[in-house]
Amino acid sequence: MSRITIDPITRLEGHGRIDIFLDDQGTVENAYFQIPELRGFEQFCVGRMAEEMPVITNRICGVCPEAHHLAASKALDSVFGAEPTTAAKKLRELLYMTFFVTDHTTHFYALGGPDFIVGPDAPSSERNILGVARTVGLEVAGEVIACRKRNHEIITFLGGKSIHPVAGVPGGWSRAITAEERIQIEGAARKNIEFARFSLTLFEKIVLKNPVYLEMVTSDTYLHRTYSMGTVDANNQANFYDGLIRVVDPEGNEFAKYHPSEYREHIAERVEAWTYLKYPYLKKVGWKGLTDGIESGIYTATPLSRLNVSEGMATPLANAEYRRMYETFGCKRITAARYEPIHHRLATHWARLIELLYASERMLELALDPEITSRETRNIPDPARFVGVGIGSVEAPRGTLTHHYETDERGVLTKVNMIVGTTNNYAPISMSIKRAAERLITSSAPDESILNKIEMAFRLYDPCFSCATHFLPGKMPLTVSVRDSQGGLLREMRRKG
Amino acid sequence: MKGMRQTSPSPTLPRWRELISSPQRGEVGRGESVSGTVIIGMGNPLLSDDGVGVAVAAAVAERLKHRMDLTVTELHTGGIRLMEAMAGYKRAVVVDAMLSGAPPGTLQRFDPKDFVTTKNTFSSHDTDFATAYELGRMAGVPLPEQVSFWGIEGREFDLFGERFTDEVAAALPGAVNRIVAEIMEWEGAV
């Protein structure tokens with residue numbers, strides 16, 4: 001048996017990597033994905049006051065601190081039995097939409113887009129945001145930077161601090177916004193909508209109008225028929241800040257809908273002997289191994305899965321794009337507003353841009369809401385209503401994020417559990433890598449463009465390696481070791497940036 | 001608005017120049033001259049030795065803040081964020097933990113031209129620093145004339161905790177002294 005290792009996270013501890021095992025005929029037998037595990041988080045938190053959690057957890061991940069801050073704040077609302085005011089909920093969602101715009105924009109232009117805009121076979125030195133700017137126009141580089149700037153400014157005053165927000169408190173939000181700030185937010189939201197529309201136009205021109213890319217997106221190389229998960233509002237439409245968790249089966253039938261606090265009744269974690277990764281799966285379907293289909297409890301929590309569970313989008317421009325995507329894939333309508341799920345994983349990039357447009361439009365709606373400048377941003381917790389247990393959940397850009405805290409009667413933490421966005425997708429990521437490897441590797445010495453196409457299978461999930469950042473020079477390095485059945489090294493390739 | 005029928009967006013591209021906002025120091029922008037020094041401590045202060053860059057930056061700023069125009073910034077991820085954090089400053093010093101195989105506590109200095117990516121200067125969600133810096137240049141962001149990177153070799157990065165390992169704690173004062181000396185030299189204050 002041969003073994004190919006793709007190691008995009010070349011930290012010296014060396015457990016962040018992709019392992020592809022080949023049999024004696026040189027065909028793919030299995031593929032596994034691993035990321036480093038951080039230790040001691042629960043011990044670090046237990047014994048602290050619960051209200052510290054929004055500022056501790058927002059440091060777990062430097063990429064999506066806003067998601068952790070809000071999930072933690074929502075968990076605290078429950079711990080202290082303090083329902084936030086409607087103005088507070090709107091301010092939280094406004095911060096969150098602003099964050100989604102920066103995050104999805106950055107992913108498309110810096111990570112996901114280069115494979116399409118510059119090309120999956122282009123040299124890695126070109127396949128980055130600079131290559132995108134050279135291909136599409138230098139102004140795009142300026143706009144990506146300007147988009148980040150105008151939204152980071154808003155996150156800073158809305159969240160009370162740059163990068164790591166501090167405004168979330170049990171029962172609400174510690175900072176109201178002024179009329180001038182509201183005007184600034186409205187202006188930024190309008191620019192965001194324009195840029196999101198431009199990005200979708202770009203995607204259409206470059207990907208959908210190119211038969212080679214369209215073939216790649218719609219081929220079965222990146223196809224998995226799993227369950228889909230996402231948070232929906234009272235109209236069963238995607239909402240990133242609040243709602244119920246909806247799961248649809250691979251055919252698109254609603255399988256479950258539950259309050260995030262009931263997650264343990266629906267989600268179990270599979271432990272396999274060969275890895276410390278725990279694979280979440282749908283308890284009521286069961287674990288059938290790393291396989292897709294309606295009999296397998298593996299589910300996906302990504303931009304694409306959020307659209308798959310949603311009855312259209314709640315904002316008009318995003319809804320029009322939503323329909324266009326499903327119709328392009330030839331999906332039949334299931335309900336008046338929803339289509340059969342798309343299982344072609346590369347469509348996640350498209351779904352992410354539709355979410356970008358939705359977040360921009362929703363940001364504008366909130367900025368125009370008369371209540372957004374209300375000073376009523378907090379309900380002070382009443383000790384008589386103290387609960388001592390709280391589960392808070394939001395849709396992080398990379399999937400459903402759940403925080404679960406338990407405290408003693410003084411509010412001191414006794415238990416902390418989290419399911420972070422990427423964790424939901426461990427099994428689908430592993431399957432996608434395996435599928436791509438099976439389809440693309442035809443010898444024990446695959447070339448670099450093949451390895452990039454395998455990397456594309458996990459890049460589309462935007463897996464969060466934040467806690468496992470990179471060490472070696474250059475772009476994302478890639479180490480490939482090809483081993484024979486005895487584990488001897490046949491060939492090693494390392495791609496530097 | 002819900003359920004409203006809407007035609008697809010028109011393919012007209014936005015007018016870029018109008019979208020690009022006016023510059024601000026410490027943020028990104030166009031056409032502004034640069035001034036002052038920023039020291040950027042990188043890493044996660046809750047992950048053992050990963051927080052050493054943040055601690056060193058804070059200590060350097062404490063020593064120098066009354067003597068010159070110096071700003072200290074804490075940053076958790078690199079890539080585009082790091083480029084943005086130094087925009088508008090004349091000089092930038094970046095301090096980060098490192099995992100290169102050297103003995104824990106080892107201090108190394110890098111110029112941008114021979115820059116080795118330290119632990120947090122790469123962002124797996126966008127790009128490495130060199131690409132981000134080039135992106136900033138491309139976008140007309142006012143970037144520093146002088147940039148230096150300091151890496152301090154760590155030992156423990158995967159354990160939640162606010163304590164450094166012994167070797168790293170012991171190396172901290174020396175790192176602060178060397179960085180203070182460099183900034184003083186840059187500023188012509190020696």
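Chain B contains 5 helices and 5 strands. Along its sequence, these elements of chain B follow the order α-β-α-β-α-β-β-α-β-α. The model described here is predicted.

Chain A has 15 helices and 16 strands. The table sets out some overall values for the two chains.

| Chain | Residues | Share buried | Share of contacts (separation of 6 or more) that join residues 24 or more positions apart |
|---|---|---|---|
| chain A | 497 residues | 60% | 69% |
| chain B | 190 residues | 49% | 77% |

In words, 60% of the residues of chain A count as buried, and 49% of those of chain B do.

One pair of helices in chain A can be followed in detail. Helix α4 of chain A covers residues 86-117, and helix α7 of chain A covers residues 179-208. How far apart are the axes of these two helices? The axes are 11 Å apart, and the helices pack at an angle of about 25°. Angles under 35 degrees count as roughly parallel, and α4(A) and α7(A) are therefore roughly parallel to each other. The crossing of α4(A) with α7(A) is left-handed.

Which residues make the contact? On the side of α4(A) they are Leu94(A), Val101(A), Phe108(A), Phe116(A) and Ile117(A). From α7(A) come Ile185(A), Asn192(A), Ser199(A), Ile206(A) and Val207(A). Sorted by class, the contact between α4(A) and α7(A) has 8 nonpolar and 2 polar residues, with no charged residues.

Terms used. Residues numbered from 1 in each chain as written. Chains lettered and ligands numbered in written order. Predicted model: local features only at pLDDT ≥ 70, side-chain atom pairs only at ≥ 80, totals over all residues. Axes fitted to C-alpha atoms, helices over the stretch in contact; angles between N-to-C directions. Helix = DSSP H or I, 4+ residues; strand = E, 2+ residues; numbered from the N terminus. Parallel < 35°, antiparallel > 145°, perpendicular 65-115°, else oblique. Left-handed = near helix turned anticlockwise from the far one by under 90°. Contact = placed C-beta atoms within 7 Å. Nonpolar A, V, L, I, M, F, W, Y, C, P; charged D, E, K, R; others polar. Buried ≥ 20, exposed ≤ 12 C-beta atoms within 10 Å, placed from the backbone.
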